[in-house]
Amino acid sequence: MTNFLAERTLPTPDALRPWIADIGFGSVDSESREPFTHVPDTATNLVVRVEEDGRRDTVVVGPRTRALYHASKRPVSCVQVRLGPGTARPLLGVAAVDLVGRVVRLGDLPDASARQLADELRWLEAEDVVSHLAEVLPDRLSAATDRSRRELLRAAVEALSTDADHVPSQVQDLARRLAVSERQLRNLFSEGVGVSPKHYARIGRVRHVLTHAATTSWAQLAAATGYYDQSHMTSDFRTLMGVPPTSFFTGRLPNAQPCQAFSRI
């Protein structure tokens, strides 16, 4: 599979690290007509985009519960700011669950601070976006954030995350360890992440498979990510990615659709 969304990671200023997971710069090649893939993502993203004709816009891309396959007919570049858990409400004025599967203009959100940020970012060059965010966001977010609730969410997210040395916790066990009910944990994720704890863990597992499939066997991946067996991993992958792993990695993808994040909305 060829992905024509060229992306590189930009340094995240220390002042933004409590609220921002990472920052990237991406572009769609004007000569490309092959689809590119947006994999499932639990994060809400702030995207500052610039089209070839200079038209600028800032959009909010909500969490994606399933993969999207897109083709773009116009060149566009963007700075993509991936918000950390619990950042959506204090920054955008809306719960993360209200943004799931959506692409909306930042200036169209009802919160006054979101509209102010849209005005500030509108005419900035790409290289100036990150420095401006580092200057204005820490004070704004500190004032609007419930610190104890955010720390509880971050602890839960870490326990449900997947990496090479850690299998995600079971939701029931995690709730007991954090001294909250499962319902409280679901509400915490709905507000601060946008998806349930169980779906958060599912997306993390599939993203882990995508990252390590080239160097690890299917059976090893299934064991490392906490699946009961390889068939369960394949089923989960098909549900979230739209195709089984063998089809995905050999380029047999679903039909691509226009991408809202890189199109005029």
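Two residues are in contact when heavy atoms of theirs lie within 4.5 Å of each other. The structure is a predicted model, in which local features need pLDDT of at least 70 and side-chain atom pairs count only at pLDDT 80 or more, while totals for chains, interfaces and linings use all residues. Residues are numbered from 1 along each chain as its sequence is written, and side-chain values use heavy atoms, with hydrogens and water left out.

**Exercise 1. The protein as a whole**

Describe the contacts, the secondary structure and the burial of the protein.

Solution. Begin with the contacts between residues at least 6 apart in sequence: 68% of these join residues at least 24 apart. Next, take helices (H or I, at least four residues) and strands (E, at least two) as DSSP runs, numbered from the N terminus; the protein then has 10 helices and 9 strands. For burial, call a residue buried under 20% relative accessible area, exposed over 50% and partly exposed in between, using a 1.4 Å probe and protein chains only. On that scale 47% of the 265 residues count as buried.

**Exercise 2. Two helices and their packing**

Check the length of α4 against the expected span of a helix, then do likewise for α7, and state what the buried residues of each pack against.

Solution. The expected span is 1.5 Å times one less than the number of residues. Helix α4 (residues 147-160) has 14 residues and should therefore span 20 Å, and its end C-alpha atoms are indeed 20 Å apart. Its buried residues are Arg150, Leu153, Ala156, Val157, Ala159 and Leu160, and they pack against α5 (171-178), α6 (182-192) and α7 (197-212). In judging such a list, recall that an α-helix has 3.6 residues a turn, so residues three or four places apart point the same way.

Helix α7, with 16 residues, reaches 23 Å from its first C-alpha to its last, close to the 22 Å expected. This helix is mostly covered, since 12 of its 16 residues are buried, including His199, Tyr200, Ile203 and Arg205. The buried residues of α7 pack against α4, α5, α6, α8 (218-224), α9 and α10.

**Exercise 3. Two aspartates in loops**

Is Asp41 buried or exposed, and which residues does Asp111 contact beyond its neighbours in sequence?

Solution. Asp41 is placed in the loop between β3 (36-38) and β4 (45-51). With a relative accessible area of 4%, Asp41 is buried. Setting aside residues up to four places away in sequence, Asp41 touches Pro63, Arg64, Arg82, Ile203 and Arg207. The side chains of Asp41 and Arg82 are joined by a polar contact of 2.5 Å, a term that stands for a pair of N or O atoms within 3.5 Å, where within protein one must be able to donate a hydrogen and the other to accept it, and residues adjacent in sequence count only if both atoms are side-chain atoms.

Asp111, in turn, is found in the loop between β8 (103-105) and α2 (112-121), and its relative accessible area of 25% makes it partly exposed. Apart from neighbours within four places in sequence, Asp111 is in contact with Leu92 and Gly93.

**Exercise 4. Aromatic rings**

How are the rings of Phe237 and Phe248 arranged, and which cluster do ring pairs form?

Solution. Rings of Phe, Tyr and Trp (its six-membered ring) pair if their centres lie within 6.5 Å, and planes under 30 degrees apart count as stacked, over 60 as edge-to-face and the rest as tilted. By this rule the count is 5 aromatic pairs. In one of them, the rings of Phe237 and Phe248 have centres 5.9 Å apart and planes at 70°, so the pair is edge-to-face. Phe237 lies in helix α9 (residues 230-241) and Phe248 in helix α10 (residues 245-249), so this pair ties together parts that are 11 residues apart in sequence. Both Phe237 and Phe248 are buried. The rings of Phe248 and Phe249, with centres 5.1 Å apart and planes at 85°, are also edge-to-face; Phe249 is partly exposed, at 35% relative accessible area. Ring pairs link Trp218, Phe237, Phe248 and Phe249 into a cluster.

**Exercise 5. A loop residue with positive phi**

Where does Ala179 lie, and what is its phi?

Solution. Ala179 lies in the loop between α5 and α6, and is exposed, with a relative accessible area of 69%. Its phi is near 60°, a positive value in a residue other than glycine. For comparison, most residues other than glycine have a negative phi.
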